[in-house]
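This report walks through one protein model and the ligand bound in it. Please look over the sequence and the structure before reading on.

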Amino acid sequence: MELGTPENPYDLVIIGGGINGAGIARDAVMRGLSVALFEKNDFSTGATWASSGMIHGGIRYLEADPNVTKKSCYDSGLIQQIAPHLLFRVPFLFPMRPDTLTNKIFLELVEVYFDTYDRWAPLKGGVPHSRLNRAEALAMEPGLPKDIIGAVTTDEWGIDSPRLTLINILDAQERGAHVHNYHEVVGFLRGDGTGDADDKTSTQRGAMRGVRVRDRERGGVRDVHARITFNATGAWAERVAKSAGAQMCRLRPGKGIHLLLAGRVTNYALITNAVDGRQMFIAPHQNVTFVGTTDDDYWGDLDDIPVLEDEVKYVLDGARRVFPKIDECRIIDTIVGCRPTLYGDNKYESQLSRDHAVYDHGEEGIPNFMSIAGGKLAAYRLMSEEAVDAICAKLGNNKPGRTHLEALPGGEAHDISPEAFAEFGLDNYSAGRLIYRQGSRADRVLEIMRKNPETAAIVDPSEPVTEAELRYVMRHELVSQLDDCKRRSRLGQGLDGGWSATLRAAEIYCDEKGYSQRDRFDVALSFQRGRWKDRRDIIRNEQLAAEAVGQTWFFTAGGAIGADPKSLLNDPAKTPPGATSDPTSRESA
Ligand SMILES: Cc1cc2nc3c(=O)[nH]c(=O)nc-3n(C[C@H](O)[C@H](O)[C@H](O)COP(=O)(O)OP(=O)(O)OC[C@H]3O[C@@H](n4cnc5c(N)ncnc54)[C@H](O)[C@@H]3O)c2cc1C
């Protein structure tokens with residue numbers, strides 16, 4: 001029987017496929033609810049993509065928001081149990097700057113601060129802090145300024161946040177949820193007080209009865225009915241709620257940028273302070289180094305957030321204080337997004353609470369409509385559980401949340417080792433990266449290699465990503481456009497921005513999706529246009545030269561394979577197969 005009709009509505013429709021929408025979908029379907037989720041872009045393209053990827057307590061919030069730190073530490077411990085393959089330790093050094101009386105006093109204060117944080121370290125499997133003298137700190141991190149007086153160590157956990165989101169989405173789907181990327185909610189269905197007897201949604205005047213959804217790839221609009229409509233649109237949440245007439249959900253979207261450096265440039269993650277005293281860091285993350293972040297009120301277009309020159313300067317100036325060699329590093333990329341920070345008055349951005357809130361808009365006359373805002377990636381599971389508790393209370397479902405008890409896809413125990421891939425000529429590092437991303441499901445990629453050993457070939461050497469992994473994610477991980485592979489496998493996320501990999505990846509994509517190979521250059525170009533958006537604001541020095549080499553190679557190869565001259569001229573009007581022809585509407589929902 002078709003779901004989403006007035007006679008047979010979903011129990012729950014979720015708007016937004018960031019970490020919170022994904023977590024809510026998984027939790028709800030595990031409690032037996034029928035669920036549909038709509039994301040207007042690909043999953044994990046909002047704040048979740050832009051995050052620093054820390055499943056941490058958030059030492060920054062210890063003073064103003066100790067409860068948030070405690071909750072995040074607690075949830076971090078549980079996330080480690082359900083997705084152990086995706087977590088990696090991030091050991092930190094907090095270097096103390098030159099020898100002044102103030103700094104000596106500061107060092108003592110920092111120790112007290114870390115003592116407090118250590119109390120919650122066991123919740124997240126953390127290691128208590130320790131104090132290093134100058135020689136020890138410099139031996140561990142030779143790139144530190146030579147005049148430091150010592151350092152304090154601490155540790156956190158990092159994660160691949162798009163993959164964490166994806167495995168929540170996949171688990172929800174495998175348990176029966178209907179999940180859709182590139183579907184934008186553009187309106188709401190409301191009761192007018194005149195529904196007929198078969199109608200299973202509330203027909204009470206003004207009550208929320210579901211959503212109007214636009215398919216951004218195939219075109220067309222349809223109505224989807226639900227007993228509860230849940231707004232999990234992150235920084236968009238206030239605008240989406242307001243478009244339904246709800247006022248309770250108020251935000252101060254907090255823009256944050258990171259600069260991505262080529263390779264892992266430090267041995268340890270380094271904590272530093274920006275010019276205004278805000279804490280920021282330099283942290284090796286997978287095959288790159290994150291430097292950031294900023295936190296500024298942002299009231300502009302959430303669908304096109306620029307990286308500004310002064311933000312780049314702010315980040316580099318802060319980083320230089322603890323890592324003077326920052327200016328010798330190559331900035332290869334940026335990530336930018338907006339935190340869905342809860343509204344607060346009379347405060348600077350960094351003083352705002354990082355807590356979250358679940359809103360029941362029934363309290364303001366819109367029954368069956370709810371929103372979530374605020375919070376952190378590190379506490380997404382707990383936030384989702386709280387949201388689904390509230391949803392279930394409305395639906396008369398009293399099953400408890402179980403998301404902390406069952407492994408996410410790939411998180412099950414396994415004994416797949418990198419050596420298992422050696423018979424196909426794959427080196428240990430590349431195999432290890434694949435096992436990191438896929439966990440227990442790496443054997444499914446191995447199976448593709450067994451059927452066709454040539455698929456063990458590496459397509460993107462700078463991550464590295466094999467053909468077999470690309471084929472696997474294209475078949476089984478809701479890939480719609482080639483760009484989605486970036487969030488599944490880190491295609492194009494390495495040193496050369498994917499210039500050398502994209503054409504081959506596009507060939508594989510056309511093969512898997514049944515498109516003509518004549519389209520492969522357009523597919524590749526569309527991927528590179530998306531990547532260019534992330535890089536356009538920071539290309540300089542050596543990276544400019546690398547970019548020129550990459551582009552020359554790419555367009556020359558395009559000519560050699562007979563690409564349409566219009567495409568070679570980079571005509572933006574050309575839309576390749578699979579790409580959305582329909583821009584995100586500014587007045588959605
Ligand atoms: C720079 C930065 C660094 C951060 N670092 C960390 C960190 O290290 N650790 C941590 O714990 N937290 C961190 N955070 C916070 C964390 O990333 C966010 O709290 C979290 O990702 C929010 O998830 P979300 O699902 O609520 O929002 P989002 O990830 O933004 O998802 C909302 C989704 O809704 C979709 N959407 C919007 N409108 C519609 C519509 N009309 N129809 C359909 N879909 C729609 C959007 O496309 C988007 O994908 C950071 C945030 C930023 C910005």
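In which loop is Asn368 found? Asn368 sits in the loop between strand 16 (356-360) and strand 17 (369-374). The model is a predicted one, and this residue is a place to begin reading its backbone. Phi of Asn368 is near 70°, a positive value in a residue other than glycine. Most residues other than glycine have a negative phi, and most peptide bonds are trans.

**Cis peptide bonds**

Two loops hold a residue that follows a cis peptide bond. The bond from Gly292 to Thr293 is cis, with omega near 5°, and Thr293 has its place in the loop between strand 13 (288-292) and strand 14 (296-297). The bond from Glu463 to Pro464 is also cis, with omega near 0°. Pro464 is found in the loop between strand 18 (458-460) and strand 19 (465-466).

**Domains**

How is the protein divided? The domain assignment gives domain 1 (10-47 + 163-249 + 354-395), domain 2 (88-158 + 252-351) and domain 3 (418-568). The centres of domain 1 and domain 3, taken over C-alpha atoms, are separated by 33 Å. Between these two domains, 14 residues of domain 1 are in contact with 11 residues of domain 3.

UniProt, in an unreviewed entry, lists residues 403-519 as "domain: Alpha-glycerophosphate oxidase C-terminal". Over residues 403-519 the chain is 42% helix and 4% strand. The end C-alpha atoms of that stretch are 42 Å apart.

**The ligand and its shell**

Around the ligand there are 38 residues, of which Asn20, Glu39, Thr48, Met54 and Ala378 come nearest. The residues of the shell divide into 13 nonpolar, 20 polar and 5 charged. Domain 1 and domain 2 both give residues to this shell, so the ligand lies between them.

The table lists polar contacts of the ligand.

| Ligand atom | Protein partner | Distance |
|---|---|---|
| Oxygen | Polar backbone atom of Ile19 | 3.2 Å |
| Oxygen | N or O atom in the side chain of Asn20 | 2.8 Å |
| Nitrogen | N or O atom in the side chain of Lys376 | 3.4 Å |

Taken alone the ligand exposes 1000 Å², and the protein buries 98% of that. Which elements give two or more residues to the shell around the ligand? They are helix 1 (19-30), helix 2 (47-50), strand 7 (183-190), strand 10 (254-262) and strand 15 (331-339).

Asn20 thus appears twice in this account: it is one of the residues that come nearest to the ligand, and its side chain has an N or O atom 2.8 Å from a ligand oxygen.

How values were computed:
Residues are numbered from 1 along each chain as its sequence is written. This is a predicted model: local features need pLDDT of at least 70, side-chain atom pairs count only at pLDDT 80 or more; totals for chains, interfaces and linings use all residues. Side-chain values use heavy atoms; hydrogens and water are left out. A residue is near a molecule or strand if one of its heavy atoms lies within 4 Å of it. A polar contact is a pair of N or O atoms within 3.5 Å; within protein, one must be able to donate a hydrogen and the other to accept it, and residues adjacent in sequence count only if both atoms are side-chain atoms. Accessible areas come from the Shrake-Rupley method with a 1.4 Å probe; for residues, only the protein chains shown count as cover. Ala, Val, Leu, Ile, Met, Phe, Trp, Tyr, Cys and Pro count as nonpolar, Asp, Glu, Lys and Arg as charged, and the others, Gly among them, as polar. Domain bounds come from an automatic or database domain assignment. UniProt positions are given in the numbering used here, feature names are shortened, and annotations may be inferred rather than shown by experiment. Contact means heavy atoms within 4.5 Å.
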